[in-house]
Amino acid sequence: MAIHYQKAYFLLSVADVEQLPSDLGIEVAVVGRSNAGKSSVLNRITHNKSLARVSKTPGRTQMINMFALDEERRIADLPGYGFAKAPPAAKRKWQKTIDAYFRNRECLKGLILVMDIRHPLKDLDRQLLDYCEDRGLPVHILLNKADKLSNNDIGKTLREVKASLTGYHNSVTFQVFSALKGVGLKELHGLLDQWYEDKR
Ligand SMILES: Nc1nc2c(ncn2[C@@H]2O[C@H](COP(=O)(O)OP(=O)(O)OP(=O)(O)O)[C@@H](O)[C@H]2O)c(=O)[nH]1
Ligand SMILES: [Mg+2]
């Protein structure tokens, strides 16, 4: 069955995991550092420029924003981590919400981990990868903002990222992406199709 990504619609925003929709069907979460382009990626996936809010101010997405593709499939836009200027209380709150989400969400099929291709695999990204390795949760890395680098530099970064990921045994895949230009969208849709069609 084909998935109509352009039919995605906003479901709800929650500050607490207790408010999430029932833990049924299949959910994919878009995660990553603040300002990496998570909301832009979501808009690109769904061909809807105004679905998730995009901001020039880092740390804009503070809640879990949940979108539905159909009655059984959802995609979540998670708040970004690693925003240095965030107040400590906000950071703790983020940590608590996200921990609870990752730990308990059974319908969570995998993570789309968005990174700025110019700054891949920062400490917090690696912590998240380690956590997913422990939990056996698949991760697909988007090296986003590829439009900011030359082909030469993209190639170099791909080799470095590949070398850094050899230690992981769970499913960690990666690709070049540009939410701005649409580079890599077909590949990403292919991956999402697989995740969403896997019967659990
Ligand atoms: N050049 C370029 N800019 C991008 C790309 N993707 C996102 N941006 C820009 O990066 C900034 C942050 O994008 P968002 O999509 O809001 O990032 P986010 O990860 O959702 O940010 P928070 O929700 O604040 O954590 C915006 O100014 C976007 O226009 C891309 O592929 N290329
Ligand atoms: Mg955002």
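Three aromatic pairs turn up in this structure, which is a predicted model. One of them ties together two strands of an open, seven-stranded sheet, with Phe10 in strand 1 and Phe67 in strand 3. Here is a quick tour, starting with the rings and moving on to the sheet, its enclosed strand 6 and the helices.

**Aromatic rings**

- A pair of aromatic rings is described by the distance of the centres and the angle of the planes.
- For Phe10 and Phe67, the ring centres are 5.7 Å apart and the planes meet at 70°; angles over 60 degrees count as edge-to-face, so this pair does too.
- These two residues sit 57 residues apart, so to speak bridging distant parts of the chain.
- Phe67 is buried, at 1% relative accessibility, while Phe10 is partly exposed at 43%.
- Elsewhere, one aromatic cluster is formed by Tyr101, Phe102 and Tyr131.

**The sheet**

- Its seven strands follow the order 1-3-4-2-5-6-7, and the pairing is mixed.
- Strand 1 (9-14) and strand 7 (172-176) are the edge strands; each has a single partner, so one side of each has no neighbour in the sheet.
- From one strand to the next, the twist averages 20°.

**Strand 6 and its neighbours**

- Strand 6 (residues 139-144) is largely enclosed by the rest of the structure, because six of its six residues are buried.
- In a regular strand the side chains alternate between the two faces of the sheet.
- Here both faces are covered: Val139, Ile141 and Leu143 are buried on one side, and His140, Leu142 and Asn144 are buried on the other.
- Strand 5 pairs with strand 6 in the parallel sense over six bridges, and Ile112 has His140 as its bridge partner in strand 6.
- Between strand 5 and strand 6 the chain passes through helix 3, giving a right-handed β-α-β crossover.
- Strand 6 also pairs with strand 7, again in the parallel sense, over five bridges.
- Across from strand 6, Phe174 of strand 7 stands opposite Ile141, and Val176 of strand 7 stands opposite Leu143.
- Helix 4 (residues 151-164) completes a right-handed β-α-β unit with strand 6 and strand 7.

**Helices across the sheet**

- Helix 1 (residues 38-45) lies across strand 2 (26-32), strand 3 (64-68), strand 4 (73-77), strand 5 (108-116) and strand 6, and runs at about 150° to strand 4.
- Helix 3 (residues 123-135) lies across strand 2, strand 5, strand 6 and strand 7, and its direction is about 160° to strand 5.

Key:
Residues are numbered from 1 along each chain as its sequence is written. Chains are lettered from A and ligands numbered from 1 in the order in which they are written. This is a predicted model: local features need pLDDT of at least 70, side-chain atom pairs count only at pLDDT 80 or more; totals for chains, interfaces and linings use all residues. Side-chain values use heavy atoms; hydrogens and water are left out. Two strands pair if DSSP finds at least two bridges between them. Helices (H or I, at least four residues) and strands (E, at least two) are DSSP runs, numbered from the N terminus. Axes are lines fitted to C-alpha atoms, for helices over the stretch in contact, and angles run from 0 to 180 degrees between N-to-C directions. Contact means heavy atoms within 4.5 Å. Rings of Phe, Tyr and Trp (its six-membered ring) pair if their centres lie within 6.5 Å; planes under 30 degrees apart count as stacked, over 60 as edge-to-face and the rest as tilted. Buried means under 20% relative accessible area, exposed over 50%, partly exposed in between (1.4 Å probe, protein chains only). A crossover is right-handed if, with the strands pointing away from the viewer, the path from the first strand over the helix to the second runs clockwise.
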